[in-house]
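Good morning, everyone, and thank you for making room for this on the agenda. Please bring the sequence and the structure up in front of you, and I will walk through them slowly.

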Amino acid sequence: MGLENDEALQWLQEQGWEVRVVGTKVRVHADIIGTPAFTLGRIWQTATGVDPGSGSYNPDLVYVNFVLTGHLMVQSAGGPMRKVAAPHFYTHSARRPASVSSTEPHSCLFIAIPRERLAELPWVESQAPGPFVTENAFRRVFIAAANASLDAKIQEQQHGFSYWRRGVEELLLAALTETRVHEDVKVSSPRDQHLARAHLLIEENYRDAGFSTQELARALNISISQLHRIFAAEGKTAGATLRARRVHRARTLLGMSANSKSELLGIAQESGFRSVRTMRRLLREEDAERSSGDA
């Protein structure tokens, strides 16, 4: 669907948004698969500001909005205005509405699912609207599946619709399990900039067993000694930060596994360890450190 000006404004208003025109024209292109209790869609539109209309949303649904291109400024009632740029996402609902504005064209992929499906992910509501970020493989799989579904023009009347819907929701939940809140980092020095970038690089690369502090320093274009000084203020070395991220990932996966020999090897590899033996040793060391701290 492609609409311009008055038709675009009318359609946005029918979706429950009160529109503020930011540019000279309003253009909207949208694909949507929807039911009263579920919506999947993508939208591209020109510079526009929108506010949720009073009572326009099902209070039992939560919207998860992935920014694909451009950026948006998002603000919840009484909260600060946040910039949400690709690949970040934000959430909103009737219970936690958010105003959205842009000064340039942008596109989003969004899904509305029952609030109860997010019961095990309380940060979705407590930290709404975000921005949030997740870069794991499930995010890419979810977006690919959602785009393929919209391209195929799946309809509620089709056989298998309920199974498809459940699958898309499960893919979304898989993508959200490793989400973190994207905190605005006020950088005032090169050290702050390097530290913020280092944490992002660790998050993006810790699953690669070949990624080391040497690789991290090289990616930052600094020396190993500089890297150590940057992390010194945090009270933990870069190597310890990298190991802790891998251990946390392994512990999470072990909690969902039967711990067979083949599964242990897969978990070690997925967590960035070269062997099960190394993974087990670091898990034991963390457990011992926790025990000594509790004593």
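I will begin with the overall make-up, then turn to the salt bridges, then to one pocket, and finish with some details of the backbone.

Before anything else, please keep in mind that what you are looking at is a predicted model, and that the values I quote are computed from that model. In its secondary structure the protein comes to 10 helices and 13 strands. Of the 295 residues in the protein, 44% are buried, and the accessible surface amounts to about 15900 Å², with 50% of that surface belonging to carbon and sulfur atoms. If we take the contacts between residues at least 6 apart in sequence, 70% of them join residues at least 24 apart.

Let me turn to the charged side chains. How many salt bridges does the count come to? The count comes to 11 salt bridges, and I would like to go through a few of them with you.

Please find Glu 170, which forms a salt bridge with Arg 117, where the closest N and O atoms are 3.0 Å apart. Glu 170 sits in helix 4, residues 161-176, while Arg 117 sits in the loop between strand 11 (106-114) and helix 2 (123-126), so this pair ties together parts that are 53 residues apart in sequence. Are these two residues buried, exposed or something in between? Glu 170 has a relative accessibility of 41% and therefore counts as partly exposed, and Arg 117, at 25%, counts as partly exposed as well. These two residues also belong to a network of salt bridges that links Arg 117, Arg 165, Glu 169 and Glu 170.

Now move along the chain to Glu 270, which takes part in two of the salt bridges I want to show you. One partner is Arg 207, with the closest N and O atoms 3.0 Å apart. Because Arg 207 lies in the loop between helix 5 and helix 6 (213-220) and Glu 270 lies in helix 9, residues 261-270, the pair ties together parts that are 63 residues apart in sequence. The other partner is Arg 249, whose side chain meets that of Glu 270 at 2.6 Å, N to O. This pair, too, links distant parts of the chain, with Glu 270 in helix 9 and Arg 249 in helix 8, 21 residues apart.

How exposed are the three residues in this group? Arg 207 is partly exposed, with a relative accessible area of 25%, and Glu 270 is partly exposed at 30%. Arg 249, by contrast, has a relative accessible area of 10%, and since buried means under 20%, Arg 249 counts as buried.

Those two arginines bring us to the pocket I want to describe, the second largest pocket, which has a volume of about 520 Å³. Which of its 21 lining residues are the closest to its centre? They are Asn 136, Thr 177, Glu 178, Arg 207 and Arg 249, so Arg 207 and Arg 249, which we have just met as partners of Glu 270, appear in this list. Helix 3 (137-151), helix 5 (190-205) and helix 8 (238-254) each supply at least two residues of the lining. Helix 8 gives the most, with five residues. By character, the lining divides into seven nonpolar, five polar and nine charged residues.

Finally, some details of the backbone. A cis peptide bond joins Ala 86 and Pro 87, with omega at about 10°, and Pro 87 lies in the loop between strand 8 (81-85) and strand 9 (89-93). Another cis peptide bond joins Ala 128 and Pro 129, with omega at about 5°, and Pro 129 is placed in the loop between helix 2 and strand 12 (132-133).

Two residues other than glycine have a positive phi that I would point out. For Lys 153, phi is near 55°, and this residue is found in the loop between helix 3 and helix 4, where it counts as exposed at 60% relative accessibility. For Asn 221, phi is about 60°; Asn 221 lies in the loop between helix 6 and helix 7 (224-232), and is exposed, with a relative accessible area of 70%.

Thank you for listening, and I am happy to take questions.

Terms used: Residues are numbered from 1 along each chain as its sequence is written. This is a predicted model: local features need pLDDT of at least 70, side-chain atom pairs count only at pLDDT 80 or more; totals for chains, interfaces and linings use all residues. Side-chain values use heavy atoms; hydrogens and water are left out. On a 1 Å grid over the protein atoms alone, a cavity is a set of points where a 1.4 Å probe fits but cannot get out, and a pocket is an open set with protein on both sides within 12 Å along at least five of seven lines; lining residues have an atom within 4 Å of a point. Grid points are joined across faces, edges and corners, and a volume is the space filled by probe spheres set on the points. Helices (H or I, at least four residues) and strands (E, at least two) are DSSP runs, numbered from the N terminus. Ala, Val, Leu, Ile, Met, Phe, Trp, Tyr, Cys and Pro count as nonpolar, Asp, Glu, Lys and Arg as charged, and the others, Gly among them, as polar. A salt bridge is a side-chain nitrogen of Lys or Arg within 4 Å of a carboxyl oxygen of Asp or Glu. Buried means under 20% relative accessible area, exposed over 50%, partly exposed in between (1.4 Å probe, protein chains only). Contact means heavy atoms within 4.5 Å. Accessible areas come from the Shrake-Rupley method with a 1.4 Å probe; for residues, only the protein chains shown count as cover.
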